[in-house]
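Let's take a walk through this structure together, one stop after another. Keep the 3D view open and follow along.

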Amino acid sequence: MKTLRIGFVFLAAASLMLLAGGTAEAFHSGGVAECGGCHSMHTPKAGGYSLLIGSDPSSTCLSCHMHAGDTGPSSYHIATADADMPVGVAPLQRTPGGDFGWLRKTYTITVRGTTTTEWGQTHGHNIVAVDTVFAADTDNTTSPGGTFPGSQMSCTSCHDPHGRVRRNSTGYATGAALGGKADPIIASGSYNNSPIPAAGQAVGAYRLLRGLNDASVPGVVFQGVGIAIAPSSYNRTEATTMTRVAYGATGINTWGNWCASCHQDMHSSGNYVHPVDQSLGTNVANVYNAYVASGDFTGVAASSFTSLVPFAENTGDIATLQAHAKNDNSYMNGPGTSDKVTCLSCHRAHASGWPEALRWNMEGEFMVYNSLWPGTDTTPTVPQFARGRLGAETQAAYYDRPVTQFASYQRVLCNKCHAKD
Amino acid sequence: MTLVRRIPSPRLTRATALRVALAACALAVCASGVAAQVQVKYLYNLSSFSGPLRYEGFRVSVDQESGETYLIYQNLVRIFSPSGMETFSFGDDLDLGHILDAAVEGSGNIILLSFKDSRSLVTRCNFRGEPIGPFEITHLPPGLDFYANRMLHRNGLFYFASLASSSVIVTDASGKFRKLIEFLPLLDAEEQKKSGAEASGFTVDHEGNVFLTTPSLFKVYKLSPDGKVASFGRSGSAPGRFGILAGIAADSRGNLLVADKLKCVVMVFDKDFNFVTEFGFRGPRPENLILPDDVAVDRTGRLYVAQWRSRGVSVFALAQ
């Protein structure tokens, strides 16, 4: 026990808000965290998986990463509790990967007399977390384009809670095997303020993601690593400024390659799938940079970026990516011709407000209708665009952006690269 | 004036003196670490006429005067009698935004804390849950915005906590600002970095001590009214060690009830932070706990534990 003498101080609201955003390095520090934070060696009635007292790995993760009582995006929370999401209220978190709470949001849509249901489970990766009542996907019993069983989908399917993959001063490496050595991890490597490791040091891989031939998930081998840098404050509304994660790509270390660890057929060039990991080329890069909104192609490369359609920079240089990972719109450059389209250009990694974890609504032609976010309350005459949501829920799915950022009849953001509108 | 009568010492043999000395030493050692025993008994789960509640993630608070329990879930405020049956509910048709917490003031009015249009809102309702006016937070220092997601009413004061920033605004019963308690500046640099600035549980005891649980530091912090800070806790799975800290409550004796989501227990510490006992543990039986989260205790020693995995709120009796 320690005792300090303190005085009560006043801080400006701005300081409070900064604190509310939270630091991002808590607990994991880029690698294996304090063992007692997840495992319990001696608690009676243990006997769960690997001495995790939680029913399963994801339940253990969500013990910290899901919290009832939040009022908005909060630090490292990546799922909104049911208690905070009554009907008509969208999930609260705004991480670049999305909010698993969307998996609980089921909508009913009646269009021209026909009622359909958009099940929550279509909104993202259905992690199995029994304690927090997340269940396996009942439609996709295996990973689309692959064979990974949905019943085994877990946070640890993608993230290595022990964070063995690391980035040292020369590149990426995994933890040492018996008889070997590896540079120790000194801190998280996920952020724009993460340290650059000196010789003999390493930082953690982005988001503790698996990689470098990690085969510890049965049936899955993660060949490369996922390269990215996030702003240190990343779980935040994008009402005024965007949260730009700077994705990188080099060699086999591409996001398409990484996601293909489970979705391999999505990556096959012979299966009529959208290209991924391919350079945008002159035409697409020019379109991206010129596209402002439906009908407005007056943009310029220096301000064309949108976090609703991110791309991977054709580099693995961390200093470059750290300089580009911003949350204040201070770096808004669009892609060059050699930058790449990735899975994450269209999908969020965890879950989104739309089917298939897409970043925008692909279930209708209009994202914005009559200068309004579609909703059963705002645009009741076009239920096909409202999709059973309130207008506020639609806006939340776009991370609170004002509708004025888009055309009055904005069409889907495929057009950011393809400009057919 | 106190009179002290000098009593002659009895003659002691060397062996007796040794035994007395050993006993004295043993007593001294024990006195510093021994905590009073607390008996815990599972009573029931909070129920409606449809049966025990089966949701998770409830916010739970107790009206110390009436012994009624208030649960908040999806904008519905549900009130339970001391025997654990739901007697009333309200809130789903109020235009107050996201209802976060409830407290009862001396007159019986219900104070609701909510979040609407990007700002915190405090509303005074009558005993039927009908809004009768705003509860204005006044005399805030320049530059300080009012924000909170937890609220407690203790000893005539209101405590509004922001768990995300680990800060507490204290007002009097009329809402007039008294002070701001900021937790983060009290930590050293390494702790600040690790903490993520986030508390998981918050309570105030009857002496006005403010307690916060910080899961990433495995610690409970106590901030006394005189400005002193104390903390306790270590990570680990042995009895009394912390896994993932969640809610905290203080009973009328000053005992601290600390929920641990990883160990699936509620730990009891006395007011000097000595570990007393822990109970619950993961399992299917009624007295087991799964991801115990929010906790509250009434003045009779009834402890309310909100859990996950659709296990609702379990009620225990604490006796000392």
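A good place to start is helix α2 of chain A, residues 57–65, where A:Pro57, A:Ser58, A:Ser59, A:Thr60, A:Leu62 and A:Ser63 are buried. What do these buried residues of α2(A) pack against? They pack against two strands, β2 (66–67) and β3 (79–80), and a helix, α3 (155–158), all of chain A. Bear in mind as you look around that this is a predicted model.

Now zoom out to chain A as a whole. Its secondary structure comes to nine helices and twelve strands. Chain A has 421 residues, and 53% of them count as buried. If you take the contacts in chain A between residues at least 6 apart in sequence, 61% of them join residues at least 24 apart. As for the outside, the accessible surface of chain A comes to about 17,000 Å², and carbon and sulfur atoms account for 57% of that.

While you're still in chain A, have a look at A:Ser188, which sits in the loop between β8 (185–187) and β9 (202–204) of chain A. Is A:Ser188 buried or exposed? Its relative accessibility is 8%, so A:Ser188 counts as buried, the cut-off for that being under 20%. A polar atom of the A:Ser188 side chain lies 3.1 Å from the backbone nitrogen of A:Ser190.

Next, hop over to chain B and its strands. Strands of a sheet pair through backbone hydrogen bonds, in either a parallel or an antiparallel sense. In chain B, four strands form an open sheet with antiparallel pairing, and the order is β1-β26-β25-β24. At the edges you'll find β1 (39–45) and β24 (295–297) of chain B, each of which pairs on one side only. From one strand to the next, the twist averages 25°.

Stay at the β24 edge for a moment. β24(B) runs antiparallel to β25 of chain B, residues 302–306, and three bridges join the two. To find the register, look for B:Ala296: its bridge partner in β25(B) is B:Tyr304. There is a salt bridge here to pick out as well, in which the side chains of B:Arg302 and B:Asp298 meet at 3.2 Å, N to O. B:Asp298 has 3% relative accessibility and therefore counts as buried.

Two hairpins of chain B come next. One of them involves strand β8 of chain B, residues 98–104: seven of its seven residues are buried, so β8(B) is largely enclosed by the rest of the structure. β8(B) pairs with β9 of chain B (residues 110–116) in the antiparallel sense, over six bridges, and B:Ala103 stands opposite B:Ile111 in β9(B). Five residues lie between the two strands of this hairpin, and B:Gly108 in the turn has a positive phi of about 95°.

The other hairpin is built from β18 and β19 of chain B. β18(B), residues 219–223, runs antiparallel to β19(B), with four bridges joining them. In terms of register, B:Leu223 has B:Val229 as its bridge partner in β19(B). Here four residues separate the strands, and B:Gly227 takes a positive phi near 95°. β19(B), residues 228–232, is mostly covered, with four of its five residues buried.

Finally, let's follow the charged side chains. Over all chains, a search of the whole structure finds 17 salt bridges. One of them brings together the side chains of A:Asp131 and B:Arg282, at 2.4 Å from N to O. This pair crosses between chains: A:Asp131 is in the loop between β5 (114–118) and α3 of chain A, while B:Arg282 is in the loop between β23 (275–280) and β24 of chain B. Both A:Asp131 and B:Arg282 are buried.

Back in chain B, B:Asp95 forms a salt bridge with B:Lys116, with the closest N and O atoms 3.1 Å apart. This pair links distant parts of the chain, 21 residues apart: B:Asp95 is in the loop between β7 (86–90) and β8 of chain B, and B:Lys116 is in strand β9. How do the two fare for exposure? B:Asp95 has 60% relative accessibility and so counts as exposed, whereas B:Lys116, at 24%, counts as partly exposed. To finish, go back to chain A, where salt bridges that share partners join A:Glu118, A:Arg387 and A:Arg389 into one network.

Key
Residues numbered from 1 in each chain as written. Chains lettered and ligands numbered in written order. Predicted model: local features only at pLDDT ≥ 70, side-chain atom pairs only at ≥ 80, totals over all residues. Heavy atoms only, no water. Pairing = 2+ DSSP bridges. Axes fitted to C-alpha atoms, helices over the stretch in contact; angles between N-to-C directions. Buried < 20%, exposed > 50% of the residue type's maximum accessible area, 1.4 Å probe, protein only. Contact = heavy atoms within 4.5 Å. Areas by Shrake-Rupley, 256 points an atom, 1.4 Å probe, with all protein chains shown as cover. Salt bridge = Lys/Arg side-chain N within 4 Å of Asp/Glu carboxyl O. Polar contact = N/O pair within 3.5 Å; in protein donor to acceptor, adjacent residues only side chain to side chain.
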